[in-house]
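Here is a quick tour of the model, taking in a pocket, a sheet and a pair of helices. Have a look at the structure first.

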Amino acid sequence: MLLKNNSQKVIHVGSVMILPEETKHVDDSLSTAPAVAALISRKALAVVKPPAKETVGEESGSKPPAGDGKKPLSRMNKQELTEECLKLGLDILEDDTKETLAEKIRAATAE
């Protein structure tokens, strides 16, 4: 499950550290933990529902359909690529580059 830290403090859920305003994937079994439930009820944590499988604009030069709101991967900055990876539930490493993140998204959406 995806959790977003809405508080001003670092929150640890299991072995996952979530910084303020950051969204991270944690094991679904932790959703029943009393501490996690308390943080969610206090709105310090928010459960982020992953969107239905969406297609992400490719670099082929084709523009996304009008009103779609999706940028081509080549036009996204690193933060936008990171957020897209999180939406897709992909693992992100600190040393991932924009190109690496774009490749991960392409691989995940090519299925």
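## The pocket

In this predicted model, 23 residues line the largest pocket. Those nearest its centre are Glu-22, Thr-23, Thr-82, Leu-86 and Ile-92. As for volume, the largest pocket comes out at about 690 Å³.

What sort of residues make up the lining? Charged ones number 10, alongside nine nonpolar and four polar residues. Three elements each put at least two residues into the lining of the largest pocket: β1 (2-5), β4 (23-25) and α2 (78-87). Which element gives the most to that lining? The answer is α2, which hands over six residues.

## The sheet

Now for the strands, two of which we have just met at the pocket, namely β1 and β4. They belong to an open sheet of three strands, laid out in the order β4-β1-β5 with antiparallel pairing. At the edges sit β4 and β5 (45-48), each of them pairing on one side only. Going from one strand to the next, the twist averages 30 degrees.

Let's walk through the pairings. On one side, β1 meets β4 in the antiparallel sense, with three bridges between them. One residue pair to pick out here is Leu-3, whose bridge partner in β4 is Lys-24. β1 also pairs with β5, again running antiparallel, and four bridges join these two strands. Here you can follow neighbouring rungs: Lys-4 has Ala-46 as its bridge partner in β5, and Asn-5 has Leu-45.

When you click through side chains along these strands, keep one general point in mind: in a regular strand they alternate between the two faces of the sheet.

## The helix pair

Back to α2, the helix that gives the most to the pocket lining. How is a packed pair of helices described? By the angle between the two axes and the distance between them. For α2 and helix α3 (residues 98-109), the axes come within 9 Å and cross at roughly 30 degrees. Angles under 35 degrees count as roughly parallel, so α2 is roughly parallel to α3. As for handedness, the crossing where α2 passes α3 is left-handed.

## Pulling it together

If you want a handle on this model, try following two elements. The strand β1 lies between β4 and β5 in the sheet order and also supplies at least two residues of the pocket lining. The helix α2 contributes six residues to that lining, and its axis comes within 9 Å of that of α3.

Conventions
Residues are numbered from 1 along each chain as its sequence is written. This is a predicted model: local features need pLDDT of at least 70, side-chain atom pairs count only at pLDDT 80 or more; totals for chains, interfaces and linings use all residues. Side-chain values use heavy atoms; hydrogens and water are left out. On a 1 Å grid over the protein atoms alone, a cavity is a set of points where a 1.4 Å probe fits but cannot get out, and a pocket is an open set with protein on both sides within 12 Å along at least five of seven lines; lining residues have an atom within 4 Å of a point. Grid points are joined across faces, edges and corners, and a volume is the space filled by probe spheres set on the points. Ala, Val, Leu, Ile, Met, Phe, Trp, Tyr, Cys and Pro count as nonpolar, Asp, Glu, Lys and Arg as charged, and the others, Gly among them, as polar. Two strands pair if DSSP finds at least two bridges between them. Axes are lines fitted to C-alpha atoms, for helices over the stretch in contact, and angles run from 0 to 180 degrees between N-to-C directions. Angles under 35 degrees count as roughly parallel, over 145 as roughly antiparallel, 65 to 115 as roughly perpendicular and the rest as oblique. A crossing is left-handed if the near helix is turned anticlockwise from the far one by less than a right angle, and right-handed if clockwise.
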